[in-house]
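Biologist: I am new to this structure and would like a close look at a single part of it. Please take me through that part step by step.

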Amino acid sequence: MPVELGLGLPQMKQYDIGRDVATVARAAEEAGYASLWVFERVLFPEPATQGLYGIPGLPWPDHYRSVADPLVTLTLAAAATERARLGTSVLVAPLHVPFQLARSLASLDAASGGRVVAGLGTGWSLDEYAAAAVAPFEKRGAVLDELLDVCAAVWGPDPVSYEGELTTIAPSEVGPKPARPIPVYLPANSPRATRRLVERADGWMPVAMGVAQLAEQWEKVREAADASGRERPLAVCARVNVQHSAKPHEGEGRRPFQGSVAQIVEDLAAHAETGVPEFLLDLQTTARDAAELSDIAAEVYVAARAAGV
């Protein structure tokens, strides 16, 4: 069967968020995209305390200079669409008060008719932690664990109660409730993260940066799930950060998902052979405006389906 395709919504500085999010969301749904996604960056430090992804000397990309709030963006998309799932890839859990984030996700799911997918992670930016985190960077895993606990409590039946390091909820009614259990997607970039994923999450969110790497990661995740005794299937949605160009990229140095629509679809077909059932295509960095983003997204979708992806 063809893989499902999702699209990253416009959040960057070249877009008019109030107008373009709804426009792109509607166009993507009409084109056939099954899901719409947002990511989170809260600031652009100058100079940065650390390099991109924590890699020394690696500069932050210019498109991180202004990124719209993910939940505001998803709310705009929810109001403009009817069917597409609404996902976060990802929310940086320690940048949010757990109780407030759990309530916001529940309200968005109720308002959208049960379409939210909560992709959560711990982040990497020390500057973002210094500005906005609820706990030090060293406690990021514990904060994510508590957020998962709080979400389970808040999204569950009343009365809700919880006692944790960051959160205390006296027995209370907390609503609105989600329209259905909100799927939680997590990363698996360390042994501890992999255990958390297979024990507590509904799905996995890797980054597709090469067929062999994705296949190896997927196999390790499945092995961990089997070893844990997990019975329910694990969903997967792989993030694809696309660098589109009208002209093909030549040479052996071309990275996956870099180049023309034909090259992007070729790479997508190769990655789909790993058995991963859904791919999120984030095309917004190389589009000049919403019209171009929608056109490229539609072209990629049609070409992928024509190729049997």
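Is Cys-237 buried or exposed, and why? Please go on from there to the strands that follow in the chain, with strand β14 as the part to look at closely.

Modeller: This is a predicted model. Cys-237 counts as buried because its relative accessibility is 0%, and the cut-off for buried is under 20%. The closest cysteine sulfur to that of Cys-237 belongs to Cys-151, 19 Å away, which is too far for a bond. A disulfide would need the two sulfur atoms within 2.5 Å. Cys-151 is likewise in no disulfide, and a search of the whole structure finds zero of them. Cys-151 also counts as buried, because its relative accessibility is 3%.

Now to the strands. Strand β11 covers residues 238-241 and pairs with β14 in the parallel sense, over four bridges. Within this pairing, Arg-239 has Leu-280 of β14 as its bridge partner. Strand β1, residues 4-8, also runs parallel to β14 and is joined to it by four bridges. There, Leu-5 has Phe-279 of β14 as its bridge partner.

Strand β14 itself spans residues 278-282, and five of its five residues are buried. In a regular strand, side chains alternate between the two faces of the sheet. In β14, one side carries Glu-278, Leu-280 and Asp-282, while the other carries Phe-279 and Leu-281. Both faces are covered, as the residues on each side are all buried.

Note on methods. Residues numbered from 1 in each chain as written. Predicted model: local features only at pLDDT ≥ 70, side-chain atom pairs only at ≥ 80, totals over all residues. Heavy atoms only, no water. Buried < 20%, exposed > 50% of the residue type's maximum accessible area, 1.4 Å probe, protein only. Helix = DSSP H or I, 4+ residues; strand = E, 2+ residues; numbered from the N terminus. Pairing = 2+ DSSP bridges.
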